[in-house]
Amino acid sequence: MIATLQQTAANRAVRRREAAEIGRYRRRAGRALDTTLIEAGAPLDGHAHVDIFRKAVGEVYRRPSSVKCIICGCAFSSEQPFGAFLFSCGADRPTMASASAICVACWHDAPFCEIELAAVRILRRIVPNGVFDPAGGS
Ligand SMILES: [Zn+2]
């Protein structure tokens, strides 16, 4: 019972920390995002936001056990490696980026529509009711 109460408090602290991080990111990102979905290990060289995307993915690699697959919810480890990353940054003020992760199994087996729905769900935490605009808003 004590372990359960401690776990509940820990989960609440994690959710509070995530909400605070999302709030900070939302304020800095603005109302439009530049997004990129890229296979793990693929080079980011030449991407317009290479520096902030590298910094964001570095954070993910530094604490993989605190990251969950945006599709199946699995935690990452050496046995459950990253398959792909969904990057986002503010379209108008790209000073910081976020990186969400997809596990290898989901990246290889999930239908693209499922990956896209998961991406929309994640990105709408930052831009409520946002939609993908292949033209980049122009
Ligand atoms: Zn997964």
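Student: In this model, is Val-127 buried, exposed or partly exposed?
Tutor: The model is a predicted one, and the answer here is a count of neighbours. A residue is buried with 20 or more other C-beta atoms within 10 Å of its own, and exposed with 12 or fewer. Val-127 has 17 other C-beta atoms within 10 Å, so Val-127 is partly exposed.

Student: Which residues does Val-127 touch, leaving aside those up to four places away in sequence?
Tutor: Val-127 lies in the segment after helix H4, which spans 112-123. One residue far from Val-127 in sequence is Ala-32, 95 residues apart but 7.0 Å apart in space, C-alpha to C-alpha. With residues up to four places away not counted, Val-127 touches Arg-31, Ala-32 and Leu-33.

Student: What pattern does the protein follow along the sequence?
Tutor: The secondary structure comes to four helices and three strands. Read along the sequence, these elements follow the pattern α-β-α-β-β-α-α.

Student: In which helix is confidence highest?
Tutor: Over the whole protein the pLDDT averages 85, and 88% of the residues score at least 70. Confidence is lowest in helix H1, residues 2-29, with a mean of 72. At 96, the highest confidence belongs to H3.

Student: What is the order of the strands in the open sheet?
Tutor: Strands of a sheet pair through backbone hydrogen bonds, either parallel or antiparallel. Here the three strands show antiparallel pairing, in the order S1-S2-S3.

Student: Which strands stand at the edges of the sheet?
Tutor: An edge strand can be recognised here by its partners. Two strands have a single partner strand each, so one side of each is left without a neighbour in the sheet. These are strand S1 (33-39) and S3.

Student: How many bridges join S2 to S3?
Tutor: The two strands form a hairpin with six residues between them. One of the pairs places Ser-88 opposite Ser-98 in S3, and another places Ala-84 opposite Ile-102 in S3. Phe-87 has Ala-99 as its bridge partner in S3. S2 and S3 run antiparallel, and the number of bridges joining them is seven.

Student: Which residue is the bridge partner of Thr-35 in S2?
Tutor: S1 and S2 run antiparallel and are joined by seven bridges. In S2, the partner of Thr-35 is Ser-88.

Student: How many of the seven residues of S3 are buried?
Tutor: Both faces of the strand are covered. Ala-97, Ala-99, Ala-101 and Cys-103 are buried on one side, and Ser-98, Ser-100 and Ile-102 are buried on the other. S3 is therefore largely enclosed by the rest of the structure, and its buried residues number seven of the seven.

Student: How many of the nine residues of S2 are buried?
Tutor: For the background, 20% of the 138 residues of the protein count as buried. S2 is largely enclosed by the rest of the structure, because its buried residues number eight of the nine.

Student: Which elements each supply at least two residues of the largest nonpolar core?
Tutor: The largest nonpolar core has 20 residues, and those with the most contacts inside it are Cys-69, Phe-85, Phe-87, Ala-101, Ile-102, Cys-103 and Cys-106. At least two residues of this core come from each of strand S2 (82-90), strand S3 (97-103) and helix H3 (104-109).

Student: Which residues does Ala-101 touch, not counting those up to four places away in sequence?
Tutor: Ala-101 is among the residues with the most contacts inside the largest nonpolar core. It is also one of the buried residues of S3. With residues up to four places away left out, Ala-101 touches Val-60, Val-67, Cys-69, Ile-70, Phe-76, Phe-82 and Phe-85.

Student: Is Val-50 buried, exposed or partly exposed?
Tutor: Val-50 is placed in helix H2, residues 50-62. A residue is exposed with 12 or fewer other C-beta atoms within 10 Å, and buried with 20 or more. Val-50 has 13 such atoms, so Val-50 is partly exposed.

Student: How far apart in space are Val-50 and Ala-97, C-alpha to C-alpha?
Tutor: Val-50 touches Leu-44 and Asp-45, not counting residues up to four places away in sequence. Val-50 and Ala-97 are 47 residues apart in sequence. In space, C-alpha to C-alpha, they are apart by 9.9 Å.

Methods. Residues are numbered from 1 along each chain as its sequence is written. This is a predicted model: local features need pLDDT of at least 70, side-chain atom pairs count only at pLDDT 80 or more; totals for chains, interfaces and linings use all residues. Two residues are in contact if their C-beta atoms, placed from the backbone, lie within 7 Å. A nonpolar core is a set of buried Ala, Val, Leu, Ile, Met, Phe, Trp, Tyr and Cys residues joined through C-beta atoms within 7 Å. Two strands pair if DSSP finds at least two bridges between them. pLDDT is the predictor's confidence in each residue, from 0 to 100.
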